[in-house]
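Here are some exercises to work through with the model open beside you. Try each task before you read its solution.

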Amino acid sequence: MAKPPPHAIQPTRSEDYPEWYQQVIRAADLAEVSPVRGCMVIKPWGYSIWENMQAALDRMFKSTGHVNAYFPLLIPMSYLEKEAAHVEGFAKECAVVTHHRLEPDGEGGLRPAGPLEEPLVVRPTSETIIGEMYSKWIQSYRDLPILINQWANVVRWEMRTRLFLRTTEFLWQEGHTAHATQAEAEEETRKMLDVYADFAENWMAMPVIKGEKTAEERFPGAVATYSIEAMMQDRKALQAGTSHFLGQNFSRAQEIKFQDETGQEAYAWTTSWGVSTRLVGGLIMTHGDDDGMIVPPRLAPQHVVILPVLRGDDSSAAVMEYCHTLKSQIEAESFNGQPVRVALDARDIRGGEKTWQHIKRGVPIRVEIGPRDMEGDHCFVGRRDQPPKQKESIPRAQFVSTLAEQLQNMQQQLFDRALQAREEATRDIDTLDEFRDFFTPKQPKQPEIHGGLARCHFSEGEEMSAILKELKVSLRCIPLESEREDGECIFSKRPSHRRAIFAKAY
RNA sequence: CGGGCUGUAGCUCAGCUUGGCUAGAGCGCUGCGUUCGGGACGCAGAGGUCGUAGGUUCAAAUCCUAUCAGCCCGACCA
């Protein structure tokens with residue numbers, strides 16, 4: 001008999017983190033690469049997680065006064081040309097539609113025919129088409145604010161792709177708002193950043209740092225870009241959501257004008273903000289372990305899976321009946337304001353294999369029910385944030401009545417664990433030598449997990465850019481909650497009044 | 001777009017240097033049996049015109065040419 005591997009996922013995180021990531025996606029049945037270059041197929045388990053994210057975010061957007069709408073996938077190329085910085089930023093990664101018809105090529109294949117007068121760009125983001133519509137909708141200050149969100153897919157022709165983290169096509173939401181005053185637009189930008197942080201921490205159990213991006217990392221065309229930054233278990237940073245204050249840049253380019261209360265003509269102040277399926281990647285890398293994914297209860301497609309232990313004798317029918325009853329009892333409980341989501345896995349496959357499938361997918365709670373448990377009216381319970389073999393027999397009534405508590409406890413555990421990992425990998429660094437050391441792997445050929453979040457004094461310029469490029473480190477953000485502190489830039493020795501977060505990043 | 005590499009079974013790959021029986025393995029899949037509060041084992045079986053097109057040859061997965069696709073390293077990035 002073959003000895004089972006010590007962990008469900010090979011290699012482990014410490015052996016080869018990038019490969020581990022891919023293997024988790026496969027083992028948890030989240031997604032796979034499609035035949036289309038750079039594009040992924042999101043499988044039901046992965047998509048359900050995304051749907052749960054959507055549902056939670058959508059409620060948050062609506063409760064902050066936003067409504068959903070939908071704008072076209074295809075954007076006239078000339079629209080992108082209107083805002084100079086914006087074109088510059090996105091031109092290189094646009095997919096372009098140039099024809100509208102196919103015809104036989106005479107060799108059994110097809111070729112494009114019917115060239116378009118003006119090429120259409122597949123949206124990389126929708127500021128331009130939405131702005132165009134806003135310019136028609138907005139005439140008076142009474143038309144403002146406009147607070148619209150859209151759930152959509154976008155395409156960015158990236159050179160290198162990784163499932164969920166960077167794919168050619170991805171799913172996201174993009175909020176686009178227009179306001180009468182600068183203050184109101186700035187407030188909106190920050191409010192949505194807060195919504196993202198709230199979602200990341202309280203739903204994804206992923207601690208984040210809210211901060212502002214530097215000019216270099218700013219969204220093309222924005223006046224200010226804010227992001228939430230999370231740290232993954234390999235100590236690299238992941239930009240998990242962005243919120244942009246666009247000032248009047250887009251409204252000037254797109255003529256989004258209105259008459260204010262005094263009858264004066266003014267340009268609207270706009271914002272945009274988004275999160276994407278990248279968050280699923282963040283979830284994997286924040287909580288996953290060497291046995292696969294761990295889904296935080298609040299986002300789990302299933303909170304509980306019931307695994308009947310069937311011996312193939314006459315006890316089976318009774319066990320199944322017991323399981324069905326248990327299932328409805330569990331469904332009657334609520335967690336996080338909704339019925340507890342429970343599945344009964346009665347598939348005719350080996351018990352061990354079945355159990356491991358659910359472990360790899362990250363289902364928070366597994367309950368095994370066999371004749372013995374049934375007799376004693378007990379549940380044999382395993383929790384995904386604990387080792388696979390560590391299971392506990394709990395009286396059924398107690399198990400059911402404490403389920404919500406267990407789930408909440410696990411949600412909290414995951415957050416605490418992630419926060420602790422981040423804190424352990426965060427350092428104040430005040431010298432360039434220490435900075436280099438922090439971000440240089442000891443084994444250059446196959447870098448071990450190293451680095452983390454470095455908090456340093458800085459001053460933007462050539463000196464800093466050169467060193468960051470050399471070490472493949474980037475300035476993630478200037479934290480909003482940081483205290484003013486006098487010091488000097490570790491790269492240029494120029495005076496500095498604030499620390500920024502530096503890290504290697506996805 | 002520059003540099004390196006790979007296309008053989010559903011997946012991971014061996015075979016190619018030095019052309020030669022019916023193209024192989026592991027995993028997965030199907031069936032039967034033994035097991036089973038646990039990622040099991042045995043036996044039997046299904047599954048491939050070797051990326052595509054041409055060429056050389058008595059003979060091509062293997063050699064040559066072209067072509068397509070993908071991967072890795074750079075510049076870009078939610």
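**Exercise 1. Find polar contacts to the RNA.**
Which backbone and side-chain atoms come close to RNA strand B in this predicted model?

*Solution.* Start with R372, where a backbone N or O atom lies 2.4 Å from a base oxygen of RNA strand B. The elements that contribute two or more residues to the surface near the strand are α10 (351-361) and α11 (371-376). Now step back to P371: one of its backbone N or O atoms is 3.3 Å from a base oxygen of RNA strand B. Finish with R278, which uses its side chain, placing a polar atom 2.7 Å from a sugar or linking oxygen of the strand. A pair of N or O atoms within 3.5 Å is a polar contact, so each of these distances can be checked against that cut-off.

**Exercise 2. Describe the surface near the RNA.**
Which residues come nearest to RNA strand B, and how does the surface around the strand divide by residue type?

*Solution.* First, look at the 34 residues around RNA strand B: those that come nearest are R160, R166, R350, R372 and D373. On the RNA side, sugar and phosphate make up 37% of the strand's atoms that come within 4 Å of the protein. Next, sort the residues of this surface by type, which gives 16 charged, twelve nonpolar and six polar. Last, ask which element gives the most: that is α10, with four residues.

**Exercise 3. Explore the cavity.**
How many cavities of 30 Å³ or more are there, and what lines the largest?

*Solution.* The count comes to one cavity of 30 Å³ or more. The volume of the largest cavity is about 80 Å³. Its lining consists of E127, I130, G131, Y134, H176, T177, L246, F250, Q254, I256, T270 and T271. Two or more residues each come from α5 (127-137), β8 (169-179), α7 (249-254) and β14 (269-276). Of these, α5 supplies the largest share of the lining, with four residues. By type, the lining splits into six polar residues, five nonpolar and one charged.

**Exercise 4. Classify two aromatic pairs.**
Is the pair of Y134 and W137 stacked, tilted or edge-to-face, and which class fits F245 and W269?

*Solution.* A search of the whole structure turns up 16 aromatic pairs. In one of them, Y134 and W137 are 5.7 Å apart, centre to centre, with 40° between the planes, and the pair is tilted. The two residues are about one helical turn apart, because they sit three residues apart in helix α5. Compare their surroundings: Y134 is buried, at 2% relative accessible area, whereas W137 is partly exposed, at 39%.

Now turn to F245 and W269, whose ring centres are 6.2 Å apart and whose planes meet at 5°, so this pair is stacked. F245 belongs to strand β11 (residues 237-247) and W269 to strand β14, so the pair ties together parts 24 residues apart in sequence. F245 is buried, at 3% relative accessibility, and W269 also counts as buried, at 17%.

**Exercise 5. Trace a ring cluster.**
Which residues do ring pairs link to W50 in a cluster?

*Solution.* Highlight W50, then add F61, W151, Y196 and W273: ring pairs join these residues into a cluster.

Note on methods:
Residues numbered from 1 in each chain as written. Chains lettered and ligands numbered in written order. Predicted model: local features only at pLDDT ≥ 70, side-chain atom pairs only at ≥ 80, totals over all residues. Heavy atoms only, no water. Near = heavy atom within 4 Å. Polar contact = N/O pair within 3.5 Å; in protein donor to acceptor, adjacent residues only side chain to side chain. Nonpolar A, V, L, I, M, F, W, Y, C, P; charged D, E, K, R; others polar. 1 Å grid on protein atoms, 1.4 Å probe; cavity = no way out; pocket = protein on both sides within 12 Å on 5 of 7 lines; lining within 4 Å. Points joined across faces, edges and corners; volume = space filled by probe spheres on them. Phe/Tyr/Trp six-rings, centres within 6.5 Å; stacked < 30°, edge-to-face > 60°. Buried < 20%, exposed > 50% of the residue type's maximum accessible area, 1.4 Å probe, protein only.
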